[in-house]
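Colleague: I should like to go through this model with you, one question at a time. Please let each answer end on the value or name requested.

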Amino acid sequence: MRRILPDHREHALFDVTQTRSIEARATSALPPHTLMQRAGAAIARLALAVAPHAERVWVAAGPGNNGGDGLEAAIHLARHGRQVKVSLMGEAMALPPDARAAWQRARTAGVDITGWSDGASPGAALDPHDCAIDALLGIGANRAPQGAMADAIHVLNSLVCPVLAADLPSGLHAETGQPIGDACVTATHTLALLTLKSGLFTGAGRDHAGTAWLDTLDVDTAGAAPQAMLSSPGLDATQVRRHVQHKGSFGDVIVVGGARGMTGAALLAARAAHAAGAGRIHVQLLDAQGAHLDPMRPELMFRAAGPGGAFSGDALVRATVVCGCGGGHAVREHLPRWLSRARRLLLDADALNAIAADTSLAELLRARARHGLASVLTPHPLEAARLLESSTAQVQSDRLGAAQGLADRYACVVVLKGSGSVIAAPGHTPRINATGNASLASAGTGDVLAGWLGGRWAQAAAHHGEAAAAFDVAVGAVAEHGAAAEPAMAGPLRAADLIEALHRRTR
């Protein structure tokens with residue numbers, strides 16, 4: 001058993017079908033009921049670890065195998081001297097075979113088992129040092145909890161003691177990370193059993209899962225193709241600079257944006273690209289009357305605002321272009337040149353909105369891959385919905401699917417921002433980013449991400465040429481961006497402060 005976050009390793013994430021396949025193979029090679037007994041023992045171990053002073057434990061057990069896991073845990077906890085009460089949802093004789101065997105074993109062990117309707121919830125008697133186990137619904141749940149099941153979930157959410165979810169918080173979709181209905185457990189800890197589920201780490205998953213743990217139940221999942229990977233920044237993502245290198249050794253970035261009233265967005269992106277280590281940063285402000293000097297970072301070089309500015313074709317080949325930050329409607333007339341000529345192009349914010357509204361621009365974006373030009377899109381859910389001609393709710397209901405759909409539609413790397421940002425690209429297993437928190441819910445932090453990613457991409461291209469994969473750069477940059485906001489703050493992390501936090505990571 002291990003805690004998943006924080007960590008510096010990648011972890012495989014599996015969907016329901018993959019998990020059931022792994023479970024079926026393991027079950028066929030083991031004596032009957034082995035996996036459920038291992039699961040119950042693991043749940044009990046973690047309950048004892050997170051609530052070592054608990055005298056009472058309440059297990060809310062559902063009518064499926066998740067309930068059986070809870071019954072097995074109750075047996076172990078009773079053996080450790082805890083006062084264990086189990087509320088069983090449904091009839092014991094209707095339980096699946098493994099769960100029914102666990103029920104019989106728990107009865108033989110003297111565990112106090114009652115039905116949900118047999119009286120008041122035992123949860124009311126729990127003190128803050130006690131513990132509750134949510135074993136109501138597992139990965140097979142696909143309907144909104146109602147009636148007694150919803151009531152039990154609301155009771156779990158009202159408790160003053162830690163709540164440990166077995167495998168998945170009840171009411172949370174295992175793959176999308178979204179509550180299936182109005183009732184969804186908000187756990188203190190979640191112990192994923194056998195595999196890690198994608199829904200624990202994106203959408204609302206992290207809010208509902210609390211601290212995530214994994215016990216593989218001694219089953220080897222090597223060789224099973226995951227739905228996605230959970231990514232964190234490496235221990236040392238910054239390259240050591242050699243004495244012989246100069247500013248030209250670290251790549252150029254061109255930031256295009258900053259229409260009237262939105263100059264700050266372009267400056268934030270440019271400052272972030274500079275902090276990321278790019279050698280030279282050029283800024284093309286789309287507000288012709290805007291300032292042509294950043295007094296905070298006079299190293300930034302400003303260019304004229306005409307289409308393409310003062311940049312030659314050679315400059316567009318050498319540079320990494322970050323386009324759209326605060327671009328407003330003015331960015332539209334500049335996009336054809338950047339889409340046609342920029343070797344490496346990151347599109348954010350208003351550039352994405354312009355492409356969503358103009359089929360000719362969308363076709364230029366799709367054509368880039370055919371011409372060997374690399375593209376990265378960094379939409380938030382609303383921008384993604386516009387590009388997919390869907391709704392924000394549809395995007396959020398399947399973030400992995402939406403990110404992959406965008407990547408395939410436009411033949412590029414996509415960073416779908418939000419809780420558990422998703423990085424997708426054609427031919428790659430998607431990544432869910434494990435870093436960051438709601439401190440980043442602040443104006444300008446998306447512009448910082450665009451600039452930081454652009455700066456990292458410019459350096460990678462300077463060091464490795466076009467072999468530097470935009471997908472890998474995006475995975476690392478997104479992880480670094482989130483990690484700079486940790487630990488979480490009570491309030492927002494201001495975008496300018498985020499840049500300084502990122503810069504400290506490179507020193």
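Colleague: Which residues of β10 point one way from the strand, and which point the other way?

Modeller: Please bear in mind that this is a predicted model. Strand β10 covers residues 211–215 and is mostly covered, with five of its five residues buried. The division by direction therefore concerns buried residues on both sides: T211, W213 and D215 point one way, and the other way point A212 and L214.

Colleague: What is the order of the strands in the open sheet that contains β10?

Modeller: The sheet has eight strands with mixed pairing. Its edge strands, each paired on one side only, are β1 (2–3) and β5 (112–115). Read between these edges, the order is β1-β10-β8-β7-β6-β3-β4-β5.

Colleague: In which sense do β1 and β10 pair, parallel or antiparallel?

Modeller: In general, the strands of a sheet pair through backbone hydrogen bonds, and either sense is possible. Here R3 stands opposite W213 in β10. The pairing of β1 with β10 extends over two bridges, and its sense is antiparallel.

Colleague: Which residue of β10 is the bridge partner of H189?

Modeller: Strands β8 and β10 run parallel and are joined by five bridges. Within β10, the partner of H189 is T211.

Colleague: How many bridges join β3 to β4?

Modeller: Strand β3 comprises residues 56–61 and strand β4 residues 83–88, and the two run parallel. One facing pair is V59 with V86 in β4. The number of bridges between β3 and β4 is six.

Colleague: Which strands does helix α5 touch?

Modeller: Helix α5, residues 147–158, packs on the sheet. Its direction makes about 150° with that of β3. The strands touched by α5 are β3, β6 and β7.

Colleague: At about what angle to β6 does helix α3 run?

Modeller: Helix α3 is formed by residues 65–79. The helix lies across β3, β4, β5, β6 (131–135), β7 (163–166) and β8 (189–193). Relative to β6, α3 runs at about 150°.

Colleague: How are helices α15 and α16 oriented to each other?

Modeller: Helix α15 (residues 445–464) and helix α16 (residues 470–483) have axes 9 Å apart and pack at an angle of about 135°. An angle over 145 degrees would count as roughly antiparallel, and 65 to 115 as roughly perpendicular. The value for α15 and α16 falls in neither range, so their relation is oblique.

Colleague: How do the residues of the contact of α15 with α16 divide into nonpolar, polar and charged?

Modeller: The crossing of these two helices is right-handed. The contact is made by T445, V448, L449, W452, L453, R456, W457 and A460 of α15, together with A470, V473, A474, A477, V478, E480 and H481 of α16. These residues divide into two charged, two polar and 11 nonpolar.

Colleague: Where are P6 and P487 found, and what is the state of the peptide bond that precedes each?

Modeller: P6 is found in the loop between β1 and β2 (11–14), and P487 in the loop between α16 and α17 (495–505). The bond from L5 to P6 has omega near -5°, and that from E486 to P487 has omega near 0°. The state of the bond from L5 to P6 is cis, and that of the bond from E486 to P487 is also cis.

Colleague: Is A349 buried or exposed?

Modeller: A349 lies in the loop between β16 (344–347) and α10 (350–357). Its phi is positive, at about 50°, although A349 is not a glycine. The relative accessibility of A349 is 15%, and the cut-off is 20%, so A349 counts as buried.

Colleague: What relative accessibility does A411 have?

Modeller: A411 lies in the loop between α14 (399–410) and β18 (413–416). Phi of A411 is near 55°, a positive value in a residue other than glycine. A411 counts as partly exposed because its relative accessibility is 32%.

Colleague: With which residues is H129 in contact, leaving aside its neighbours within four places in sequence?

Modeller: H129 lies in the loop between β5 and β6 and is partly exposed, with a relative accessible area of 34%. The C-alpha atoms of H129 and E55 are separated by 7.8 Å, although these residues are 74 apart along the chain. With those neighbours left aside, the contacts of H129 are A51, H53, A54 and E55.

Technical notes: Residues numbered from 1 in each chain as written. Predicted model: local features only at pLDDT ≥ 70, side-chain atom pairs only at ≥ 80, totals over all residues. Heavy atoms only, no water. Axes fitted to C-alpha atoms, helices over the stretch in contact; angles between N-to-C directions. Helix = DSSP H or I, 4+ residues; strand = E, 2+ residues; numbered from the N terminus. Parallel < 35°, antiparallel > 145°, perpendicular 65-115°, else oblique. Left-handed = near helix turned anticlockwise from the far one by under 90°. Contact = heavy atoms within 4.5 Å. Nonpolar A, V, L, I, M, F, W, Y, C, P; charged D, E, K, R; others polar. Pairing = 2+ DSSP bridges. Buried < 20%, exposed > 50% of the residue type's maximum accessible area, 1.4 Å probe, protein only.
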